[in-house]
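Trainee: I have just opened this structure for the first time and would love some help finding my way. Could you pick one part, look at it closely with me, and show me how it sits in the rest?

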Amino acid sequence: MASEADVIGELKRLRTRLPQLRGALTASVDGLVLAQDATDVEAEAVCALTAAALAVSLRLSDATHQGDFRELLIRADHGYVATYAAGSSAVLTLLAEPQINVGRLHLEARRSSALIGDLVDAAVVRAEET
């Protein structure tokens with residue numbers, strides 16, 4: 001991806017704005033790792049699982065007539081996994097500590113996912129033009 005450095009830069013800025021993030025990953029909608037700023041996780045596995053969760057979320061959104069997928073939040077004993085649509089061909093997945101302010105997580109992640117979506121979609125268009 002031509003803009004991988006830009007996406008990684010945004011992931012790092014996001015982790016700076018939200019110190020309670022343990023990891024940030026961007027994946028294609030089919031589960032391929034596009035960029036990551038995460039330690040202590042197997043990025044390929046997380047991105048593959050994100051794609052599976054995305055597929056279920058898309059079907060659920062469609063079946064319930066709720067419109068296009070925007071985000072998914074999982075709260076677990078040791079923190080959160082949050083996934084956000086990032087343009088038409090990518091998703092942003094964040095791993096957060098349990099004490100994170102979820103409202104702030106959503107605010108910052110929505111901004112970052114929009115920027116990352118623009119970067120990834122532009123790279124896809126450039127690749128299709130060549």
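Mentor: Gladly! Let me start with charge: the chain carries 12 positive and 18 negative side chains, and the centres of these two sets lie 8 Å apart. Please keep in mind that this is a predicted model.

Before the close look, here is the setting. The chain has three helices and five strands, and reading along the sequence gives the pattern α-β-β-α-β-β-β-α. Its C-alpha atoms fill a box of roughly 45 × 35 × 25 Å along the principal axes. The radius of gyration is 14 Å, which agrees with the value near 14 Å for a compact globule of 130 residues. Of those 130 residues, 42% count as buried. The accessible surface comes to about 7300 Å², and carbon and sulfur atoms hold 54% of that area. If we take the contacts with a sequence separation of 6 or more, 51% are between residues 24 or more positions apart.

Now for the part I would choose: strand E1, residues 21–28. Seven of its eight residues are buried, so E1 is largely enclosed by the rest of the structure. Here "buried" stands for a relative accessible area under 20%.

What lies alongside E1? One partner is strand E5, residues 90–96, which pairs with E1 in the antiparallel sense over seven bridges. To find this pairing on your screen, look for Ala24, whose bridge partner in E5 is Leu94. Another partner is E2, which also runs antiparallel to E1 and is joined to it by five bridges. For this pairing, look for Ala27 and its bridge partner in E2, Val33. E1 and E2 form a hairpin, with four residues between them. One residue to look for in that turn is Gly31, which has a positive phi of about 95°. As you trace the backbone, one general point may help: in a regular strand, side chains alternate between the two faces of the sheet.

From E1 we can step back towards the start of the chain. Leu25 and Ser3 are 22 residues apart in sequence, and their C-alpha atoms are 15 Å apart in space. Ser3 belongs to the segment before helix H1 (4–17). With a relative accessible area of 4%, Ser3 is buried. Leaving aside residues up to four places away in sequence, Ser3 touches Leu119, Val120, Ala123 and Arg126.

We can also follow the chain onward from the hairpin. Strand E2 (33–38) is followed by a loop that leads to helix H2 (43–63), and Asp40 lies in this loop. Asp40 is not a glycine, yet its phi is positive, at about 65°. Its relative accessibility is 80%, so Asp40 counts as exposed. After H2 comes another loop, leading to strand E3 (71–76), and that is the place of His65. His65 likewise has a positive phi, near 55°, in a residue other than glycine. At 72% relative accessibility, His65 counts as exposed.

To put the picture together, keep E1 in view with seven of its eight residues buried, then add E5 and E2 as its antiparallel partners. From there, the loop with Asp40 takes you from E2 to H2, and the loop with His65 takes you from H2 to E3.

Technical notes:
Residues numbered from 1 in each chain as written. Predicted model: local features only at pLDDT ≥ 70, side-chain atom pairs only at ≥ 80, totals over all residues. Heavy atoms only, no water. Helix = DSSP H or I, 4+ residues; strand = E, 2+ residues; numbered from the N terminus. Rg over C-alpha atoms; globule rule 2.2 N^0.38 Å. Buried < 20%, exposed > 50% of the residue type's maximum accessible area, 1.4 Å probe, protein only. Contact = heavy atoms within 4.5 Å. Areas by Shrake-Rupley, 256 points an atom, 1.4 Å probe, with all protein chains shown as cover. Lys, Arg positive; Asp, Glu negative; His and termini not counted. Charge placed at Lys NZ, Arg CZ, Asp CG, Glu CD. Pairing = 2+ DSSP bridges.
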